Amino acid sequence: MAQILIIDDDADLLRVCRVGLEALGNAVRTADTGLAGLAEAAIRSPDVIVLDLGLPDLDGLEVCSRLRAWSQVPVIVLSADGSEDRKVEALDQGADDYVTKPFGMRELNARLQVALRHRPSDEAGDGPAEVVVGALRLDLVHREATLDGSAVDLAPKEFEFLAFLARHVGKVCTRRMILENVWGAQYTKELHYLKVYAYRIRRKLGDHDGKLLQSDPAVGYRLVAPLE
Amino acid sequence: MRRWLVGLAASLAAIVVLTAAMVPLRSHLSPATTALVLVVPVVVGVVVGGLAAGVCSVVAGFLVYDFFFIPPYLTLWVGAAQNWVALGVYGAVMLLVSQVVARMNSARSEARRQGREIAELFELSRMLVEDRSLDVLLSSVVSTVADVFGARQVVLLLPDDGNLTVAASKGQDLSDNQLRRVLPKAGELTSLGVSPFEHDGLFVIALAAAGRPVGLLVVSSDVVKADRRAPLMLFANHIALAVERVQLRDKALQSRLAEEVARLAKTMVGAVSHDLRAPLTTIKGASSTLADSELDLDAEATRTLVKLIDVQADRLAHLVQNLLDMSRIQAGVLTPRWSVTSVDELLAGALDALDHRGHVITVETRGDLPFVDADEVLISRVLINLLENALRYSPKATPVVVRAAIEGDDRVKVSVIDRGPGVIAERRNEVFELFSRRHDDAGAGLGLTIAKTFVEAHGQHIWVSEAPGGGAMFCFTLATVAPISEEMKLGADSHH
């Protein structure tokens, strides 16, 4: 049973989420301030955290970056204002995904499951030499990609783009993060690169409907392993 | 003209007096002495009347000198050769003296005029740097120019929507004909902006600051003689700078205002969308769980969700009501529908519509309160909003008290008292402003603004103070239908 921690100051919403998510088979704990949430996260180490950005004591972004100082637990941000900037900022601060209010309980649960599925393993190390996302296998050392066992011919930047998403599988990577890491800091305004490369990669992977390489308009991209 | 005549008269009078005094003694006086005495009237003439009066008095003095004091007396006949010399020297010296004195005189009056101009210019620049509105500035500018230069007509034209229009004038206005001649038409060649030009009795100066045209100064040209142009241009430059400064300040003010409006609009959209979204999120979360046929919810969970939907739907309804009230206020259609009612009735309605959230609301009123004149709907909204506010900030399990008492001769005061943190003195006016709310509060801050607007639509007051024993006390007044009788006041006193 997945342990979920919800940090939000709206008592009624906390009750709804507790009832709904417990009915969907999770164990739910709640905190109504940022500080209480951080304490709870430290004591119980939940499997995933749902974090509201508008908290009375600490800004949600601040909670996120403090959390990231010592924990890699997946964080799903609840954004109330619907503005892209805050979401993107939260993702840059280390959040993994976001859900815009209002949301259906199934939708929230689905996001939680994706985050749980791709939860980083606790083993420390220099990072894996190989990443597997569903049928896709990326050999990061030899820079080779295979899909269902057959080689995929990717240009160097296409491979790097895909590898970056694969290393953060399940997490929404903002456009800035991708451009900075794959192309370099001076390319963060070249948003059209992403469209072109995502289009080419999808074509080569046969991912025509964007199920594997998902795009989030005006926010970023993420790689998600399809459910078996 | 007059000054010249006065000078001549003074000089002639001096000649008459001195001659009358000297004639009896002339046999004892040398021609040189009398000549020396006759210098006096010439100097008087030139000092008082200028060069022309001086020259006339030289002629008069010359004739008098010859007639009375050069032998043979009482003829213009000049006898001895040495008398010729005396007469000649007198005439020549006097002409020189009057010239020198006249020049000194005119230099002095020129200096005086320049001093006055500098004083006026100083006065003008002092006025120009004062922070005044453009209208006041312009009218004082034109009257100063008119005063200093003695101009019959001074007109200042400034651009308005791209066209130069008369912004201020002193003396007669420009006729349409003149205006047409002064103003350049589209596609017409004009000397505007290059240098001042004179045209049909008008002297036109283009005002420019930092190379940018600011406006046009038109002065009737009879006063603008060559030597007055420089000071006029100096004035014009000062005016241009001041007008430009005021124009820039007005522009800056306008853009600040626009920014403020945009900021307010943004705050409003942000606050309202937050307030709409928060209850919607709870409702959507609960309803999507209830609607999920695959989930097996127990009765307790179902009841919790249904109850939450109910509460949040009320919250939404309340917010929508507030937004409607707000739009009513902004549309300016807020006229109370007066009716005779009682505070108890108003309170009962408000308490009915309110979600108490587990708080106890204590009502403390006298049974014999006078009837009041009020719009029942509006005052109910005021009460609901004040109570909502009190409930929001009250710690759990503390009561909210509503009190009503007579106030003065013709009013009832209603107070809503909570045991919350209260409102600090500096924020007591602010809390009624649009979108004012505590930083940790989720409400859009419409409620108190609406309450204030509604109360003021009744011509009454609303204010907040500290409740005795801590917390906030919001009070407002209502007008009674009839003046309050003395015995009722006494009753109120004994009540305390």
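Visitor: Is Leu290(B) buried, exposed or partly exposed?

Guide: In this predicted model, Leu290(B) counts as partly exposed, because 19 C-beta neighbours lie inside 10 Å, while a residue needs 20 or more to be called buried.

Visitor: Where is Leu290(B) placed, and which residues does Leu290(B) touch beyond those up to four places away in sequence?

Guide: Leu290(B) lies in helix α7 (residues 226–291) of chain B. Leaving aside residues up to four places away in sequence, Leu290(B) touches Thr302(B) and Leu305(B). The C-alpha atoms of Leu290(B) and Thr302(B) are 7.0 Å apart, although the two residues are separated by 12 residues along the chain.

Visitor: How should a pair of packed helices be read?

Guide: Two packed helices are described by the angle between their axes and the distance between the axes. Here, helix α4 (residues 81–129) of chain B and helix α5 (residues 134–149) of chain B have axes that come within 11 Å and cross at roughly 180 degrees. Angles over 145 degrees count as roughly antiparallel, and α4(B) and α5(B) are therefore roughly antiparallel to each other.

Visitor: Which residues of α4(B) and α5(B) meet?

Guide: From α4(B), Glu117(B), Glu120(B), Leu124(B) and Met127(B) meet Ser140(B), Thr144(B) and Val148(B) of α5(B). By class, this contact of α4(B) with α5(B) comprises three nonpolar, two polar and two charged residues.

Visitor: How is a sheet to be read, and what is the strand order in the open sheet of chain A?

Guide: Strands of a sheet pair through backbone hydrogen bonds, either parallel or antiparallel. The open sheet of chain A has three strands in the order β10-β12-β11, with antiparallel pairing. Strands β10 (173–174) and β11 (213–216) of chain A stand at the edges with a single partner strand each, so one side of each has no neighbour in the sheet. β11(A) pairs with strand β12 (residues 220–223) of chain A over four bridges in the antiparallel sense, and Gln214(A) stands opposite Arg222(A) in β12(A).

Visitor: Which helix packs on this sheet?

Guide: Helix α8 (residues 191–205) of chain A does, touching β11 and β12 of chain A. The direction of α8 makes about 155 degrees with that of β11(A).

Visitor: How many residues of chain A are in contact with chain B?

Guide: The size of an interface is often given as the accessible area lost when the parts come together. Here a count of residues is available: 19 residues of chain A are in contact with 23 residues of chain B. On the side of chain A that touches chain B, the elements giving two or more residues are α1 (11–23) and α5 (105–117) of chain A. α1(A) gives the most, with eight residues. By class, that side of chain A has 11 nonpolar, two polar and six charged residues.

Technical notes
Residues are numbered from 1 along each chain as its sequence is written. Chains are lettered from A and ligands numbered from 1 in the order in which they are written. This is a predicted model: local features need pLDDT of at least 70, side-chain atom pairs count only at pLDDT 80 or more; totals for chains, interfaces and linings use all residues. Axes are lines fitted to C-alpha atoms, for helices over the stretch in contact, and angles run from 0 to 180 degrees between N-to-C directions. Angles under 35 degrees count as roughly parallel, over 145 as roughly antiparallel, 65 to 115 as roughly perpendicular and the rest as oblique. Two residues are in contact if their C-beta atoms, placed from the backbone, lie within 7 Å. Ala, Val, Leu, Ile, Met, Phe, Trp, Tyr, Cys and Pro count as nonpolar, Asp, Glu, Lys and Arg as charged, and the others, Gly among them, as polar. Two strands pair if DSSP finds at least two bridges between them. A residue is buried if 20 or more other C-beta atoms lie within 10 Å of its own, exposed if 12 or fewer, and partly exposed in between; C-beta atoms are placed from the backbone.
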